[in-house]
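Here are some exercises to try with the model open beside you. Have a go at each task before you read the solution that follows.

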Amino acid sequence: MNDKNNSGPEAAGWNSLYTEIVDELNSILHYWEQHTLDRAWGGFLGRIDQDNHADPSAPKGSVLNTRILWSFSAVYHYTHNPLHLELASRAYHYIREYFSDPDHGGLYWSVDHRGKMLDNHKQIYAQAFGIYAMSEYYRVTKNPKALELCQEWYMLIEKYSRDPKRGGYIDAFARDWTFLDDKRLSAKDENASKTMNTHLHIVEAYANLYEVWPSQKLKKDIIDLLKIFDNKIIHLSTHHLTLFFSEDWQMDHSVVSYGHDIEAGWLLQSCAESVSDSDAIETAKKNALLITAAAMGGLDHDGGLWYEFNNNKKELILEKHWWPQAEALIGFCNAWQLTGDSLYKNAVLKSWQFIQHHIVDKTHGEWLWGVDMDNKKMINQDKIGMWKGPYHNCRACLELIERLKPQSMVVW
């Protein structure tokens, strides 16, 4: 790639970035190998706090466990380390035995530390992560049961969640797939029938599944989802993502999520590329740059990406969580690859420096949940938990390793 600016102090940092990312991925994996296995009850621990104290009685979530399965499956594709396949298989068997509903299909939301069903409702977000994880596990193992589960969960989403009249997908259901009043993904979310977050992870999951099971129906579903983002979710003037919707797509513009913006920019492009649809790819590339530029409105001077902006109160949420920083690495790198503009290249480097200085836990390993406005560690947060797993940071490392692998690196 011909960079528009290939000189200056940034060049030295860029030349060492690949090696630093590889080292960080190995460090994250080492943490998970050493600290997270539940040797008493199977699978992985449900919670470890930021001081590295494990809670052996913590509930276990389907989102965490499917993200663990995806991460070690995807990592094994890169490392070919038998230990990584062993840990992926550990997650696979635990999900099949404890999270899979034998009566109504799909995944429970949570189980207790012994594996006993705790919350049995069917959050579509969790079903999507099940597909994402199992399709990745199938990619590296060719285990037919993993693909069968993907196909089963895909058909359940299409049967119960898809809205045939208004388009898009409803967020949540009871165990037996009947109507559910409270559809919230988490306590901080609006009780909305349709959400950006669920749609983003459905299309992500469907695209990953399509790469191992190229169904024409699935391809059409992916293209339809991409069009929903084009027509409903990406704001026409601000290019931020609208987060919450009623069933008939009435919008709630109260919150801007910079992390979801930067994640969606590159991820929607990747989904379009998965199905090799030229029109979808062209649109997604244009959207990627528009969304990435919008997300840069949340950048602090130190390279960290602020969490959210509250439009109603006109105030910034002065926190920098780990996952938007991980997504920023990929999003800015993708924008640089699309444009060759050193603005984005420098943003990658500043983001990486911020992560190294403030997010990586140099005492215990892995990444902190986040820091406050003074870059002090946020208190009472998880190192490992229902929402804190290896997915975002492992994926960021894997994406940059692939995008910056030596044969395609710029020679300074």
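**Exercise 1. Find out how H8 and helix H9 cross: which handedness does the crossing have, and at what angle do the axes cross?**

Step 1. Start with the handedness: H8 and H9 make a left-handed crossing. Keep in mind that this is a predicted model.

Step 2. Now the geometry. Helix H9 covers residues 278-295, and its axis comes within 8 Å of the axis of H8. The two cross at roughly 165°.

Step 3. Turn the angle into a word. Angles over 145 degrees count as roughly antiparallel, so H8 is roughly antiparallel to H9.

Step 4. Look at who touches whom. On the H8 side you'll find, among others, Tyr258, Ile262, Leu268 and Ala272. They meet H9 residues including Ala280, Ile281, Ala284, Ala288 and Ile291.

Step 5. Sort the contact residues by class: 11 are nonpolar, three polar and three charged.

**Exercise 2. Work out how helix H6 packs on helix H8: what is the angle, and how far apart are the axes?**

Step 1. Locate the pair: H6 runs over residues 196-212 and H8 over residues 258-274.

Step 2. Read off the packing. The angle is about 30°, and the axes are 10 Å apart.

Step 3. Name the arrangement. Angles under 35 degrees count as roughly parallel, so that's what H6 and H8 are to each other.

Step 4. Check the handedness: H6 passes H8 in a left-handed crossing.

Step 5. List some of the contact residues. H6 brings in Met196, Leu200, Val203, Ala207 and Tyr210, among others, while H8 offers residues including Ala264, Leu267, Leu268 and Cys271. By class, this contact has nine nonpolar, four polar and three charged residues.

**Exercise 3. Explain why Cys394 and Cys397 don't form a bond.**

Step 1. Recall what you're looking for: a disulfide is a covalent bond between the sulfur atoms of two cysteines.

Step 2. Take the cut-off. To count as a disulfide, the sulfur atoms must be within 2.5 Å.

Step 3. Compare. The cysteine sulfur closest to that of Cys394 sits in Cys397, 6.5 Å away, and that is too far for a bond. Start from Cys397 instead and you're led back to Cys394, again at 6.5 Å.

Step 4. Give the total: there are zero disulfides by this rule.

Step 5. As an extra, check the surroundings. Buried means under 20% relative accessible area. Cys394 has 0%, so it is buried, and Cys397 is buried too, at 2%.

**Exercise 4. Two residues have a positive phi without being glycines: Lys314 and Glu366. For each, decide: buried or exposed?**

Step 1. Note the angles: phi is about 55° for Lys314 and about 65° for Glu366.

Step 2. Place them. Lys314 belongs to the loop between strand E11 (308-310) and strand E12 (315-317). Glu366 is in the loop that lies between helix H11 (342-359) and strand E14 (370-372).

Step 3. Apply the accessibility cut-offs. Lys314 has 60% relative accessibility, so it counts as exposed. Glu366 has a relative accessible area of 1%, so it is buried.

**Exercise 5. Locate Ser57: which loop holds it, and how far is it from Ser193 in space?**

Step 1. Find the loop: Ser57 sits between strand E1 (48-49) and strand E2 (60-61).

Step 2. Check its accessibility. At 47%, Ser57 counts as partly exposed.

Step 3. Now get the distance. Going from C-alpha to C-alpha, Ser57 and Ser193 are 33 Å apart in space, and they are 136 residues apart in sequence.

Note on methods
Residues are numbered from 1 along each chain as its sequence is written. This is a predicted model: local features need pLDDT of at least 70, side-chain atom pairs count only at pLDDT 80 or more; totals for chains, interfaces and linings use all residues. Side-chain values use heavy atoms; hydrogens and water are left out. Buried means under 20% relative accessible area, exposed over 50%, partly exposed in between (1.4 Å probe, protein chains only). Axes are lines fitted to C-alpha atoms, for helices over the stretch in contact, and angles run from 0 to 180 degrees between N-to-C directions. Helices (H or I, at least four residues) and strands (E, at least two) are DSSP runs, numbered from the N terminus. Angles under 35 degrees count as roughly parallel, over 145 as roughly antiparallel, 65 to 115 as roughly perpendicular and the rest as oblique. A crossing is left-handed if the near helix is turned anticlockwise from the far one by less than a right angle, and right-handed if clockwise. Contact means heavy atoms within 4.5 Å. Ala, Val, Leu, Ile, Met, Phe, Trp, Tyr, Cys and Pro count as nonpolar, Asp, Glu, Lys and Arg as charged, and the others, Gly among them, as polar.
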